[in-house]
Amino acid sequence: MSNHDIDTKRLGEYLKDYIPGLGDELQAAKFAGGQSNPTFKLTSGEQHFVLRRKPKGELLKSAHAVDREFRVISALADTDVPVPRTYVLCEDDSIIGSMFYVMEYKEGRILWDPTLPEIKTPEERAGIYDSMNATLAALHNVNVEAVGLGDYGRPGNYFERQVIRWTKQYRASEIDTIADMETLMKYLVDNMPADDGSVSLVHGDYRLDNMMFAHDKPQVIALLDWELSTLGNPIADLANQCMAWMLPSEGSMRGLSDVDRVSLGIPSNDEYIAKYCERTGRTEIQHWNFYLIFSLFRLAAIVQGIRKRAQIGTASSAEADARGDLVYPLAAMGVSLIP
């Protein structure tokens, strides 16, 4: 088991002040996947924990905010949103070379393919999608003031701020001019819906593989990867999830665009949206096409960041080069949705 350049002796000494009964021998093994914040399983005897850290090297401003992840997961501990227990946030780079936090290790299933090929029955697939839907509704129903997150995001039009942010992030990682990205950025500015006043805690990357499911039932037991979370319009999370399902079922980012959902037990987008609205007290969602286009633009900007980090050698995953090329089809798909 490799410790991946983590000084586990120094780390173990540090963690003993925060994790009661931690053993003397500590090992670290990096989880597969993940493009942004490297994530490790810590093992000490029979004890297991999870560590998420900022990557080393040159980083984009405001990216890799593990301190925000730690804050939001801690705040949700006593809500209906399933999250791991948190132990400590370490802002001292001298311990392992970058900021990190440690949280509970949960035993469960990470499901990567939205067609759920490892699930045996349509009924269980339907249950998994319903649990995702219920978890999303629970997240957006959280009283942010009551859990101490009233200042977790800025006031004003969320989508306007997000377009500005991701345009800046894209420009910061731009390698060459991509005509479709230029078209999307202009469209989003020119067609920005008026702020409807909806504000909730937004996950920012709500998708299947950012959740852990119980081994013995179709239930979300942990919502993970909160780096992009903030206060904003909850429809951003819903659109992000539905947007991802527009992708083909084959490739490094898998979707549902070319599969028979009915036979698999997977709800249609309309059914999924209707159930979400029922759980959150909504009657309709206006400007839905704009939100899908924004979601594709944002994903393309994120992928461009992966592409740039692969170029400068700081990407966390060996798949970074392949995923980076997806910026072109994602941008093209967004342009195809423009009326």
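1. A quick definition to start: helices (H or I, at least four residues) and strands (E, at least two) are DSSP runs, numbered from the N terminus. Counted that way, the chain has 11 helices and nine strands. Phenylalanine 213, which we'll come to later, sits in one of those strands, S7.

2. Before you read any further, a word on what you're looking at. This is a predicted model, where local features need pLDDT of at least 70 and side-chain atom pairs count only at pLDDT 80 or more, while totals for chains, interfaces and linings use all residues. Residues are numbered from 1 along each chain as its sequence is written, and side-chain values use heavy atoms, with hydrogens and water left out.

3. Now the overall shape. For 339 residues, a compact globule would have a radius of gyration near 20 Å, and the chain's value of 20 Å agrees with that. (The radius is taken over C-alpha atoms, and the globule rule is 2.2 Å times the number of residues to the power 0.38.) Along the principal axes, the C-alpha atoms fill a box of roughly 60 × 45 × 40 Å.

4. How much of the chain is buried? Buried residues make up 51% of the 339, where buried means under 20% relative accessible area, exposed means over 50%, and partly exposed is in between (1.4 Å probe, protein chains only). The accessible surface comes to about 15,400 Å², and 49% of it belongs to carbon and sulfur atoms. Those areas come from the Shrake-Rupley method with a 1.4 Å probe; for residues, only the protein chains shown count as cover.

5. Next, who touches whom. A contact means heavy atoms within 4.5 Å. Take the contacts between residues at least 6 apart in sequence: 71% of them join residues at least 24 apart.

6. Helix H6 is a good place to zoom in. Nine of its 10 residues (235-244) are buried, so H6 is largely enclosed by the rest of the structure. The buried ones are Ile235, Ala236, Asp237, Leu238, Ala239, Asn240, Gln241, Cys242 and Met243. They pack against several elements, among them helix H3 (122-140), helix H4 (158-172) and strand S7 (211-213).

7. Have a look at H4 too, since threonine 167 is found there. Its side chain reaches the backbone oxygen of valine 163 at 2.6 Å. That is a polar contact: a pair of N or O atoms within 3.5 Å, where, within protein, one must be able to donate a hydrogen and the other to accept it, and residues adjacent in sequence count only if both atoms are side-chain atoms. Leaving aside neighbours within four places in sequence, threonine 167 is in contact with Met185 and Phe297.

8. Back to phenylalanine 213, as promised. At 0% relative accessibility, phenylalanine 213 counts as buried. Its C-alpha atom is separated by 8.1 Å from that of isoleucine 128, though the two are 85 residues apart along the chain. Not counting neighbours within four places in sequence, phenylalanine 213 is in contact with Ile128, Met132 and Leu208, among others.

9. Compare two arginines: which one is buried, and which one is exposed? Arginine 53, in strand S3 (residues 47-53), is buried with a relative accessible area of 4%. A polar atom of the arginine 53 side chain lies 2.8 Å from the backbone oxygen of isoleucine 96. Arginine 154, in the loop between H3 and H4, counts as exposed at 61%. Its C-alpha is 8.2 Å from that of glycine 232, with their places 78 residues apart in sequence.

10. Two backbone oddities deserve a glance. Leucine 116 has a positive phi of about 55 degrees although it is not a glycine; leucine 116 is in the loop between strand S5 (100-104) and H3, and counts as buried at 0% relative accessibility. Aspartate 225 also isn't a glycine, and has a positive phi of about 60 degrees. You'll find aspartate 225 in the loop between strand S8 (220-223) and strand S9 (230-232), where it counts as buried at 19%.

11. Last stop: leucine 22, in the loop between helix H1 (8-15) and strand S1 (27-30). Leucine 22 is buried, with a relative accessible area of 9%. Setting aside residues up to four places away in sequence, it touches Gly12, Leu15, Lys16, Ser44, Gln47 and Phe49.
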